[in-house]
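The exercises below each set a task and then work through a solution. Keep the sequence and the model open while reading.

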Amino acid sequence: MEYKYNLGIVGAGPAGYTAALHAAKKGLSVVMFEKDCIGGICLNRGCIPTKSILHCAEFYKELKCAQSLGIVIPDFTYDFAKVVERKNQIVQKLRKSLELAVKNSKITMIKAKADVINTNTISTTDDCYRCDKIIIASGSQSVALPGIEFDHKRILNSDDVLDLQYLPESIAIIGSGAIGIEWARIFSAFDVDVTVIEMAENLLPVADIEVSKRIERIFKANGIKFYKSTKVEDIQCNEKCLLRYSSGNVTEVDKVLVAIGRKPVPYRKIDGVTYLGDICGEIQLAHYAIKQAIAEIDGIHFDKSLVPSVVYGNPEIAWIGKREQDLEKGSYKKSMLLISALGKSQCDNAVDGFIKILSQDGIIVGAHIVSKEASSLIQQVSIAMQNNVTVEKLKEVCFAHPTYSEGIFESLFNLE
Ligand SMILES: Cc1cc2nc3c(=O)[nH]c(=O)nc-3n(C[C@H](O)[C@H](O)[C@H](O)COP(=O)(O)OP(=O)(O)OC[C@H]3O[C@@H](n4cnc5c(N)ncnc54)[C@H](O)[C@@H]3O)c2cc1C
C-alpha cells in the first residue's frame, strides 16, 4: 500500500516525538516510525531509567546518615530487583502517557523499522509512505572499546546495566562522562566496590576544571577509586574480569561497564532530508534534541552555546557557557561561593559543593554548579545568559530565603 503524509519521522525518541507533536499541533498530517519503544533511548534506556535507579541509590545512602539527623532506623537494607521493577513501572507509565499524547494528536504511529528511500519516500517491509518532508531522528548507540566487544554479561554497556537483577560485588567503569559518573554514584551508594578509569587528565573532562577536581574529592570521600590518564588495554573475563591498564596496573572485578561515549546509529545521508537529535553527532542530550525539533518545526531558534549540562546524583553537577580554562587570563571576573555558606544547605545536610560564576563585560559567560538542586539552579543562569541580562540588572532580582538560589544572588556581589 502507498500512503501520503505531510511529514514522515523515523525514530520516536525526544527529537522524533517532539517534532511529531509540534507538527501535528500546526495541523500537519504526521506518520512516525519506531522499531523499538516510543520515547527512544531517553525514556527507555537513558535519562529516565538511570535517574529512577539513582534516586533509590541516593535514598538508601541518605538513610545511612539518618542517625545524624535524629532519625533512628534500626535495620534497613535494599532489594535491588524491586529497584529495577520500580524503574520499569516508571518507564511504562511515562511511555503510556506519551503514546496517549501521540494518539490524541492524531499522529499515525507505525511500529516498524523504516528505511528512507529518497527525499520524499519512507518504506517499511509492507508499505510505502510518500511524505512532503522527512525527518530522521534515529539516535545513537554505545561505543565499544577497540578490540573489546560487549558480551552483555560481564562487559556491559549502558543498556545492559539497567537490567541487572542483582548487584555485583565490584565493578570497573571505563569512562567518566555523565553516564560513567552517574553509575559510579549508583553502585557506590549500594556499597559496590567501584573503580573508574579515565583516559583524560581529569574526571568528567568536559567540565570546568574546578568541577572535575571537586568530583575527585567527592569520589575519594565516597571510597570510589579512580585512575586518570589511564587507558584500558585489555580485558580478560573468566570467573572475574581482569583489566590491564596502559600504566601496567591491573584491576580484578566482577563486571565492567564501558561508558566511553555514543555514536550515531549507521545511516545514509540523503539531501533534502532533515536530521535531528543524537544522529547529528553533536550535543547528545535529550533537551538539545527537543530544542532542535522545536526550532525545525516552529522556527523558535536557540543558542547552541547555551545548552546546559547536568550530571545527576548527590550533589548534582550542572554547568552552562564557558569554562574557566577556556578564558584568557585577566579577561574575566570570577566568583566562587561555597554551598556550605548557605543556611538551606546546612538545614538539608547538603553542604558539599560550590557555585562558580564567570563574567565578562558585566555579563555572565559561564556558570558551574556543584550542589543539591544544581539542575534547577543552572536554569536561572541560563535565562539570564540567554537574554543578556547584566550582572547589575540581576542584582535587582529578589531571591527567596532560605534557598540555594541565594547562592547565585550572593555570587553576583563577589565577582572579581
Ligand atoms: C544511560 C544514558 C543516560 C542519559 N541521561 C541523559 C540525561 O540525564 N539528560 C539528557 O539530556 N540526556 C541523557 N541521555 C542522552 C539522551 O538519551 C539522548 O540524547 C536522547 O535520547 C536523544 O534523542 P533522539 O531522539 O535523538 O534519539 P533516541 O532517543 O536514541 O531515539 C531514536 C529512536 O529511533 C529508533 N530508530 C532507530 N532507527 C530506526 C529505524 N530505522 N526505524 C524506526 N525506528 C528507528 C530507535 O529505536 C530509537 O527509539 C542519556 C543517554 C544514556 C544512554
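**Exercise 1. Compare the span of helix H5 with the expected span, then decide how far H5 is enclosed.**

Solution. Step 1: helices (H or I, at least four residues) and strands (E, at least two) are DSSP runs numbered from the N terminus. Helix H5 covers residues 178-189, 12 residues in total. The expected span is 1.5 Å times one less than the number of residues. From its first C-alpha to its last, H5 reaches 16 Å, close to the 16 Å expected.

The model is predicted: local features need pLDDT of at least 70, side-chain atom pairs count only at pLDDT 80 or more, and totals for chains, interfaces and linings use all residues. Residues are numbered from 1 along each chain as its sequence is written.

Step 2: a residue is buried if 20 or more other C-beta atoms lie within 10 Å of its own, exposed if 12 or fewer, and partly exposed in between, with C-beta atoms placed from the backbone. In H5, 12 of the 12 residues are buried, so the helix is largely enclosed by the rest of the structure. Charged side chains are not excluded from that list, which includes Glu182 and Arg185 as well as Trp183 and Phe187.

Step 3: two residues are in contact if their C-beta atoms, placed from the backbone, lie within 7 Å. The buried residues of H5 pack against H3, strand S9 (170-174), strand S10 (193-197), helix H6 (209-221), strand S15 (255-258) and strand S18 (309-311). Just after H5, Asp191 has a positive phi of about 70 degrees.

**Exercise 2. Repeat the analysis for H1: how many of its residues are buried, and what do they pack against?**

Solution. Step 1: H1 has 12 residues and spans 16 Å between its first and last C-alpha, close to the expected 16 Å. Step 2: 10 of these 12 residues are buried, and H1 is mostly covered. Among the buried ones are Pro14, Tyr17, Thr18 and Leu21. Step 3: the packing partners of the buried residues are strand S1 (2-10), strand S2 (30-33), H2, helix H4 (80-104), S6 and H7. Step 4: Gly27 follows H1 and has a positive phi near 95 degrees.

**Exercise 3. Describe the shell around the ligand by nearest residues, class and helices.**

Solution. Step 1: a residue is near the ligand if its C-beta atom, placed from the backbone, lies within 6 Å of it. There are 34 residues around the ligand, and Gly11, Gly13, Gly40, Gly139 and Gly277 come nearest.

Step 2: Ala, Val, Leu, Ile, Met, Phe, Trp, Tyr, Cys and Pro count as nonpolar, Asp, Glu, Lys and Arg as charged, and the others, Gly among them, as polar. The shell then has 16 nonpolar, 13 polar and 5 charged residues.

Step 3: helix H1 (14-25), helix H2 (40-45), helix H3 (47-63) and helix H7 (286-298) each supply at least two shell residues.

**Exercise 4. Work out the strand order of the sheet that contains S13, and find its edges.**

Solution. Step 1: two strands pair if DSSP finds at least two bridges between them. The sheet is open, has 3 strands in the order S12-S13-S14, and is antiparallel. Step 2: strand S12 (232-237) and strand S14 (250-253) each have a single partner strand, so one side of each lacks a neighbour in the sheet. Step 3: axes are lines fitted to C-alpha atoms, for helices over the stretch in contact, and angles run from 0 to 180 degrees between N-to-C directions. Neighbouring strands here are turned by 20 degrees on average, direction ignored.

Step 4: S12 and S13 pair over 5 bridges, with Asp234 opposite Arg244, and a hairpin of 3 residues joins the two strands. Step 5: strand S13 (241-245) pairs with S14 over 4 bridges, and Leu242 has Glu252 as its bridge partner. The hairpin between S13 and S14 has 4 residues, and Gly248 in this turn has a positive phi of about 95 degrees.

**Exercise 5. Is Arg130 buried or exposed, and which residues does Arg130 touch?**

Solution. Step 1: Arg130 lies in strand S6 (128-136). Step 2: Arg130 has 12 other C-beta atoms within 10 Å and is exposed. Step 3: leaving out residues up to four places away in sequence, Arg130 touches Glu2, Lys4, Asn120 and Thr121. Step 4: Lys4 is 126 residues from Arg130 in sequence, yet their C-alpha atoms are 4.8 Å apart.
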